[in-house]
Amino acid sequence: MSDVDREKGLKFNPKFDSNGLVTAVITDANDGQLLMVGFMNQEAIDKTLESEIVHFYSRSRQKLWKKGETSGHILNVSDIRVDCDQDALWIIANPAGPTCHTGVKSCFYRRMNGDSMERIE
């Protein structure tokens, strides 16, 4: 597939990085808040499309994982958008509880403040 076809066409053909991954940005369908960023391989994309529950590829564990598989705080897919060169996905989801493993709604709960951070949740 040419770059022009990938960028302007309507066939889904993700442009995976050298590790076979694309970046996935997750936002809340209700309020638009940025919830998290993860990585997906083809298997994670396929499982997400099949189940309508967000799946990722864990780089640290080197395996597929369903978000919320242990906590129950899954992300139900509302919509999936693909960026212009198909190397990133924007997943709009309905979270079933906090998204961050720390127990807060979003993984982005701190703001930079010079060389330190402040909590903003």
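## Gly32 and the loop between S1 and S2

At 47% relative accessibility, Gly32 counts as partly exposed, and its place in this predicted model is the loop between S1 and S2. Along the chain Gly32 and Ala93 are 61 residues apart, yet their C-alpha atoms are separated by 9.3 Å.

## Overall architecture

The chain contains 2 helices and 8 strands, and, read from the N terminus, its elements follow the order α-β-β-α-β-β-β-β-β-β. Taken along the principal axes, the box filled by the C-alpha atoms is roughly 45 × 35 × 30 Å.

Of the 121 residues in the chain, 31% are buried. Among contacts with a separation of 6 or more, 39% join residues that lie 24 or more positions apart.

## The nonpolar core

The largest nonpolar core has 16 residues, and those that touch the most other members are Ala24, Ile26, Met40, Val54, Phe56, Leu75 and Ile91. Two or more residues of this core are given by each of strand S1 (22–28), S2, helix H2 (42–51), strand S5 (75–82) and strand S6 (88–95).

Phe56, one of the core residues named above, has a long list of partners once residues up to four places away in sequence are set aside. Its contacts include Ala24, Ile26, Met36, Gly38, Phe39, Met40 and Ala44, and they also take in Lys63, Leu64, Trp65 and Lys67. Ala24, Ile26 and Met40 thus appear both among these partners of Phe56 and among the core residues that touch the most other members.

## The largest pocket

The largest pocket has a volume of about 390 Å³. Its lining consists of 23 residues, of which Met36, Arg61, Trp65, Lys67 and His101 are the closest to the pocket centre. Met36, Trp65 and Lys67 are also among the residues that Phe56 touches. By class, the lining is made up of 8 nonpolar, 10 polar and 5 charged residues.

Three strands, S2 (34–40), S3 (55–58) and S4 (63–66), each supply at least two residues of this lining. The largest share, 4 residues, comes from S2, a strand that also gives two or more residues to the largest nonpolar core.

## Two glutamines with positive phi

Most residues other than glycine have a negative phi. Gln62 departs from this pattern with a positive phi of about 55°, and Gln86 does likewise with a phi near 60°. Gln62 is found in the loop between S3 and S4, whereas Gln86 lies in the loop between S5 and S6.

Which of the two glutamines is buried and which is exposed? Gln62 counts as exposed because its relative accessible area is 54%, a value over 50%, while Gln86 counts as buried because its relative accessible area is 5%, a value under 20%. The side chain of Gln86 reaches the backbone oxygen of Lys11 at 3.2 Å. Leaving aside neighbours within four places in sequence, Gln86 is in contact with Arg6, Lys11, Phe12, Asn13, Pro14, Lys15 and Val22.

## Ser106 beside the start of S2

Ser106 has its place in the loop between S6 and strand S7 (110–113), where a relative accessible area of 3% makes this residue buried. What does the side chain of Ser106 reach? The partner is the backbone oxygen of Leu34, at 2.6 Å; Leu34 is the residue with which strand S2 (34–40) begins. Not counting residues up to four places away in sequence, Ser106 touches Gln33, Leu34, Leu35 and Cys100.

## Arg81 in strand S5

Arg81 lies in strand S5 and is partly exposed, because its relative accessible area of 39% falls between the limits of 20% for buried and 50% for exposed. The side chain of Arg81 makes a polar contact with the side chain of Asp79, at 2.7 Å.

When residues up to four places away in sequence are not counted, Arg81 touches Ala88, Leu89, Trp90 and Ile92, and these four positions fall within strand S6 (88–95). Cys107, by contrast, is 26 residues from Arg81 along the chain, and the C-alpha atoms of these two residues are separated by 21 Å.

Methods
Residues are numbered from 1 along each chain as its sequence is written. This is a predicted model: local features need pLDDT of at least 70, side-chain atom pairs count only at pLDDT 80 or more; totals for chains, interfaces and linings use all residues. Side-chain values use heavy atoms; hydrogens and water are left out. On a 1 Å grid over the protein atoms alone, a cavity is a set of points where a 1.4 Å probe fits but cannot get out, and a pocket is an open set with protein on both sides within 12 Å along at least five of seven lines; lining residues have an atom within 4 Å of a point. Grid points are joined across faces, edges and corners, and a volume is the space filled by probe spheres set on the points. Ala, Val, Leu, Ile, Met, Phe, Trp, Tyr, Cys and Pro count as nonpolar, Asp, Glu, Lys and Arg as charged, and the others, Gly among them, as polar. A nonpolar core is a set of buried Ala, Val, Leu, Ile, Met, Phe, Trp, Tyr and Cys residues joined through side-chain atoms within 4.5 Å. Buried means under 20% relative accessible area, exposed over 50%, partly exposed in between (1.4 Å probe, protein chains only). Contact means heavy atoms within 4.5 Å. A polar contact is a pair of N or O atoms within 3.5 Å; within protein, one must be able to donate a hydrogen and the other to accept it, and residues adjacent in sequence count only if both atoms are side-chain atoms.
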